[in-house]
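Hi there,

Here is the structure I promised to pass on. Please have a look, and my notes follow below.

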Amino acid sequence: MQSREQILHTLTRILVEEFEIDEADISPSASLYEELDLDSIDAVDLVIKLQQMTGKKIKPEEFKAVRTVDDVVSAIEGLVQE
């Protein structure tokens, strides 16, 4: 099982490599939509990447409440513990 730090590291790598976000902008409290400028299409792409990372199916409705980087880490953490 991955720790929160490992999940955050992997998520950061995905955001930098796939979405060309500056690593300096990524922090647990960073808003995905306001601060990191993701849009709804990016969010869908991110869910797909996270599914590949975890090997778990992510239901879109579970991801609707996600607003910050830390929310994503918590969602992934919940998935990998199932």
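In these notes, buried means under 20% relative accessible area and exposed over 50%, with partly exposed in between (1.4 Å probe, protein chains only). This is a predicted model, so local features need pLDDT of at least 70 and side-chain atom pairs count only at pLDDT 80 or more, while totals for chains, interfaces and linings use all residues. Residues are numbered from 1 along each chain as its sequence is written, and side-chain values use heavy atoms, with hydrogens and water left out.

I concentrated on helix α2, residues 40-54 (helices are DSSP runs of H or I with at least four residues, numbered from the N terminus). Its buried residues are Asp-42, Ala-43, Leu-46, Val-47, Leu-50 and Thr-54. They lie on the same side of α2 because they cover an arc of only 145° around the axis, taken from the directions from the helix axis to the C-beta atoms. Ile-41 and Gln-52, on the other side, are exposed. The buried residues pack against α1 (4-19), α3 (60-63) and α4 (69-80), where contact means heavy atoms within 4.5 Å.

At the ends of the helix, Asp-39 caps the N-terminal one, with a side-chain oxygen 3.1 Å from the backbone nitrogen of Ile-41. Gly-55 follows α2 and has a positive phi, near 70°.

What else does α2 do? It gives the most to the lining of the largest pocket, with five residues. Among the lining residues are Tyr-33, Phe-63 and Arg-67 (lining residues have an atom within 4 Å of a point on a 1 Å grid).

Best wishes

How values were computed
Helices (H or I, at least four residues) and strands (E, at least two) are DSSP runs, numbered from the N terminus. The expected span of a helix is 1.5 Å times one less than its number of residues. A polar contact is a pair of N or O atoms within 3.5 Å; within protein, one must be able to donate a hydrogen and the other to accept it, and residues adjacent in sequence count only if both atoms are side-chain atoms. On a 1 Å grid over the protein atoms alone, a cavity is a set of points where a 1.4 Å probe fits but cannot get out, and a pocket is an open set with protein on both sides within 12 Å along at least five of seven lines; lining residues have an atom within 4 Å of a point.
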